Amino acid sequence: MEENLLNPAIEVPFDDDPNSFRHLNNPADGIKPIVKKYLGAPTSVTQSGNKFYFTDGEAKVEAFVFSNEIIRIRLAPHSVFLDEFSYAIPKGQEPIPSEFKLIETTDEYRISTPSINCHINKTNFLISFSDSDGSVISSDGRPMHWEENVKDGGYYVYGTKTCHDNETFFGLGDKPTELNLRGKRFTNWNTDAYSFAWGQDPLYRTIPFYISVNEGTAHGIFFDNTFKSHFDFGAQDATSTSFWADGGELQYYYIHGPHMMDVVKRYHAITGMHPMPPLWALGYHQCRWSYYPEAKLRAVANGFRKNQIPCDGIYLDIDYMDGYRCFTWNRKYFPDPKKLIADLAADGFKTVVIIDPGIRVDDNYSVFKEGKENRYFCRRSDDYFMEGHVWPGRCQFPDFTNPEVRTWWGGLFDELVQLGVAGVWNDMNEPAVFGAGTFPDDVRHQYDGYRGSHRKAHNVYGMQMVRATYEGLRKLMKNKRPFTITRAGYSGLQRYASVWTGDNVASWEHLALGNIQCQRLSMSGVPFCGTDIGGFSGEPDGELFTRWIQLGTFSPFMRAHSAGDTKEREPWSFGEPFTAINRKFIELRYRLLPYLYSTFWEHHRYGFPILRPIVMQEQHVLKNHFRQDEFTYGDKILVCPVLGPGQASRKVYLPKGKWYNFWDNGLVDGGDEVEVATPLETIPIFVKAGSVIPEYPVQQYVGQKEIEEVKLNIYYSDFEANSFLFEDYGETFAYEQEIYSEKKFIVNGSDADLTISQSMEGLYTPRYENYNFSIIGLPFKPLNIMIDNKWVTNFTFINGKLEFRHNKNFKQVKIMK
Ligand code: MIG
């Protein structure tokens, strides 16, 4: 592992003693210790639109009312703010209209919106936020502070908030540790972390956003700073939560709750949502390093169809290329890629190819030549090229922070798109370099015209690479939705790609870790995420692989992947009973596709995460802040993976309310833990009372069959509950023109009846005619069924399940005893 090389010799220790200073590690450099400076008392305020400027005579602080629930704070130590630019924020996003006023009292300046107040204390410049009732939600523990960076210029910048006794913390992306971050300290510096261990930090992504929950109330802090950044959640000092960075501005957004869900949605309002993925991308994906030559790839694809195990995505890892040169083919292994991809497509497979950032230094290679002629590759401070060894040998690296380079890069996919490639996988984009770990700090970047060294661009390099990939594919694929997946990223990456958690290990510990990481990514604004099912390195046995497939069935992104030195790792590789169970779960994934797709729509439209940890459902219960096994998939299905070998049963916590056991429809009261049997064939799955869960027939791949009817699994409740069904063409951007169908179901029952009503929105009409109703949990024997005022005579009621078919355009179903 390269971790030592990635951790620079000069570490910035955090301590909050105002008189302390930081020694650079080599006093012989003649660099003097530097003293931390703190804001003094604010002396005046000026306003410009929805921005307020406060000064202590030397430093300036900006408070920007972003919306009624979001305020951004910036610090300029010598009153000069950096240009306003952020890769995290979508371009051209209209500011959300907000209503606010400034009030000055003898003690404070106060900016108030209808939802929140931002208080700036006149004696000490401490900033705090309160809700409309005046309860303080978040307050500075110390005034904002900084240290001058003599070597590189700029400042080390620090923010410190008060940390309360029972306050807990969530978010920060892919950190491989407990879900609750209280008492821990982290660094963000995108790192290739092969076979990472529990607790290892940093990993591949930088998501400098956390959610705090204190006394049942949540708020968020998004520290939009791309330099190496650090967070301390009461680790060094139990009364302080701090975040700091090695450069850039102290610039953060206070995001109001009070619910964690509000915070996540508002974080998405700042950084954008994931576009609707192509429907096939929600199916099962099979990957390996590497499937080659083409006969091997065909054999694997045939294996799926022969074994009748559904699969949509199939991957080409680096060996498809000629000497690992991006955008080329190894003609010995793949003599006719066009035919291969077309044959696979005819059999329902979408081909996804890997593309890395390193471009081989080779004057006979057109990509290198074009990049060189146009000066697209990164350079060192003294104008030497940034060169490093990666898979192709000696490489140079495109500067993806240059918009011209991104456009060029996007165009390079033309041939792959012509060949029929449906998706692109961007790897190694931390960026990773053999030996050195990553680029040296002095590498220069164009940074969309705002210029910077690698210190500033490192954490966004991968995101800008996959952005270039996504935007290029989007142009080339005309109206089709591209599928992209990236390893590295920064806040906002969800606008361009899905992610996987990187090089995990085939161990039970990593299964548990992957479960936490996916939940954490989901609440950190990265909705489309998954792990390498089975573990990338090492050998899972059949049981571990099956348990991982079961978790993966409920990961937003479902892909099995394995390193080249491992045994074959397809869902049938372990023989029976594993093959049958793997098939059953992958089939379940396909049955629930319309539910997952609708959940994705809720994300895309409203900013809801796909996975929701228990703490998001019941944040007022402190015990739930430490639950990290069970989660809901969307808001209706609760899943609890089995995370250990030979486990015959396990405890599952169900939030308050009524739940149906998915397997036997048994009704269970929530609010407590229940013991659930966990033979290898099942994992605990529960459905919330009142849910309508839409279901498609099992297909071997998306689009294999014309959907002839949709099954509606309706779970009785004695209170009103809403569900949604979203459908569209599944592969175009027509949904942006309202060409979609969004159906809302309202379920409500009593001990004598149950009504289900439906309303519709949007301009798309699905082709199927009928729903197949399956009604579960009726507390009475149904005798009379009326749909839109007509009696239904043709129904069955067997084993407590009421079933009938009816035209999909119903308005109201009434079931009576
Ligand atoms: O140096 O492309 O995380 O998924 O199979 C290893 C080969 C490079 C690392 C990725 C992994 C991929 C592998 N890559």
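**Figure 1. Helix H2 is mostly covered in this predicted model.** Of the twelve residues in H2, ten are buried. Met-260, Met-261, Asp-262, Val-263 and Val-264 are among the buried residues of H2. Arg-266, Tyr-267, His-268, Ile-270 and Thr-271 are buried in H2 as well.

**Figure 2. The length of helix H2, residues 260-271.** The end C-alpha atoms of H2 are 17 Å apart. This agrees with the expected span of 16 Å, because the helix has twelve residues and the calculation allows 1.5 Å a residue. The expected span is 1.5 Å times one less than the number of residues. Gly-272 follows H2 and has a positive phi, near 90°.

**Figure 3. The residues around the ligand.** The ligand is surrounded by 13 residues. Those that come nearest are Asp-317, Asp-427, Arg-487, Asp-503 and His-561. Sorted by class, the shell around the ligand holds eight nonpolar residues, four charged residues and one polar residue.

**Figure 4. Polar side-chain atoms beside oxygen atoms of the ligand.** In Asp-503, a polar side-chain atom lies 2.5 Å from an oxygen atom of the ligand. For His-561, an N or O atom of the side chain is 2.8 Å from a ligand oxygen atom. The side chain of Trp-391 has an N or O atom 3.0 Å from an oxygen atom of the ligand. Taken alone, the ligand exposes 350 Å², and the protein buries 95% of that area.

Technical notes: Residues numbered from 1 in each chain as written. Predicted model: local features only at pLDDT ≥ 70, side-chain atom pairs only at ≥ 80, totals over all residues. Heavy atoms only, no water. Near = heavy atom within 4 Å. Polar contact = N/O pair within 3.5 Å; in protein donor to acceptor, adjacent residues only side chain to side chain. Areas by Shrake-Rupley, 256 points an atom, 1.4 Å probe, with all protein chains shown as cover. Nonpolar A, V, L, I, M, F, W, Y, C, P; charged D, E, K, R; others polar. Helix = DSSP H or I, 4+ residues; strand = E, 2+ residues; numbered from the N terminus. Buried < 20%, exposed > 50% of the residue type's maximum accessible area, 1.4 Å probe, protein only.
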